[in-house]
Amino acid sequence: MREDGFSHVVDVADELFFEHGVRAVTMERVREVSGVPLRQLYRMFRSKDELLTACLRQRDRTAREALHAYASRYADPGDNVLAVFDFLDDWFRLPGFHGCVFAGAFGEVGGAAPEVVEVVQHHKRKLLELFTDLAKQTDVVDADEVGKQLAVLFDGAMAIATFTGNTEAARHARRAAQAVLEAAR
């Protein structure tokens with residue numbers, strides 16, 4: 001059973017990592033903001049990478065739940081495919097948008113933290129599965145191929161919004177996704 005405060009620490013660390021980046025946030029800073037003594041913090045998480053992994057797992061669940069909610073809004077399966085790009089559009093326009101936390105974490109710790117790489121790859125595989133499942137609900141000829149193309153558009157829009165600040169990227173990706181669906185019918 002997890003110790004008291006586990007979720008609180010993960011929430012605090014997640015906010016700090018998202019706002020400031022992984023390298024800039026120390027366990028001492030997490031202790032300071034969370035109010036959890038350092039000794040207890042290290043009993044919960046043996047390392048910052050372990051804490052980051054817990055944060056990414058939580059983000060994975062939260063993000064995929066939100067995407068599923070967007071992708072089940074409409075009666076028309078094609079509209080549900082396009083709705084995931086509406087999710088991005090809404091997200092990009094939120095105050096404090098800092099980009100994809102998975103790409104950021106991977107970029108900062110990369111191969112030095114295999115557990116982080118594993119969570120990032122799991123998240124990306126699950127997104128690909130979502131896009132493929134959504135494509136299968138439409139009348140496209142090759143849903144696996146369409147799912148891959150949608151995943152590229154989704155991640156590409158995130159990269160553009162993150163690195164250039166172009167919040168229109170989701171709308172461009174949505175139009176491209178619509179073209180992919182039409183061409184695959």
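**Helix 8 and its surroundings, with a look at Asn80**

The buried residues of helix 8 pack against four helices, namely helix 4 (48–70), helix 5, helix 7 (114–136) and helix 9 (169–183). The model described here is predicted. Helix 8 itself covers residues 143–164. At 1.5 Å a residue, its 22 residues should span 32 Å, and the end C-alpha atoms of helix 8 lie 31 Å apart, which agrees.

A helpful way to get to know helix 8 is to look at its two sides. Ala143, Val146, Gly147, Leu150, Ala151, Phe154, Ala157, Met158 and Ala161 are its buried residues. Viewed down the axis of helix 8, these buried residues fall within an arc of 145°, so they line one face of the helix. Val152, Phe163 and Thr164 are found on the other side of helix 8, where they are exposed. Just after helix 8 comes Gly165, which takes a positive phi of about 80°.

Helix 5, one of the partners of helix 8, offers a second place to pause. Asn80 sits in this helix, which runs over residues 77–92. Is Asn80 buried or exposed? Its relative accessibility is 5%, and because buried means under 20%, Asn80 counts as buried. The side chain of Asn80 reaches the backbone nitrogen of Tyr74 at 2.9 Å. Leaving aside residues up to four places away in sequence, Asn80 touches Tyr70, Ala71, Ser72, Arg73, Tyr74 and Leu134. Tyr74 thus appears both among the residues that Asn80 touches and as the residue whose backbone nitrogen the Asn80 side chain reaches.

Key
Residues numbered from 1 in each chain as written. Predicted model: local features only at pLDDT ≥ 70, side-chain atom pairs only at ≥ 80, totals over all residues. Heavy atoms only, no water. Helix = DSSP H or I, 4+ residues; strand = E, 2+ residues; numbered from the N terminus. Buried < 20%, exposed > 50% of the residue type's maximum accessible area, 1.4 Å probe, protein only. Polar contact = N/O pair within 3.5 Å; in protein donor to acceptor, adjacent residues only side chain to side chain. Contact = heavy atoms within 4.5 Å. Expected span 1.5 Å × (residues − 1). Arc of directions from axis to C-beta.
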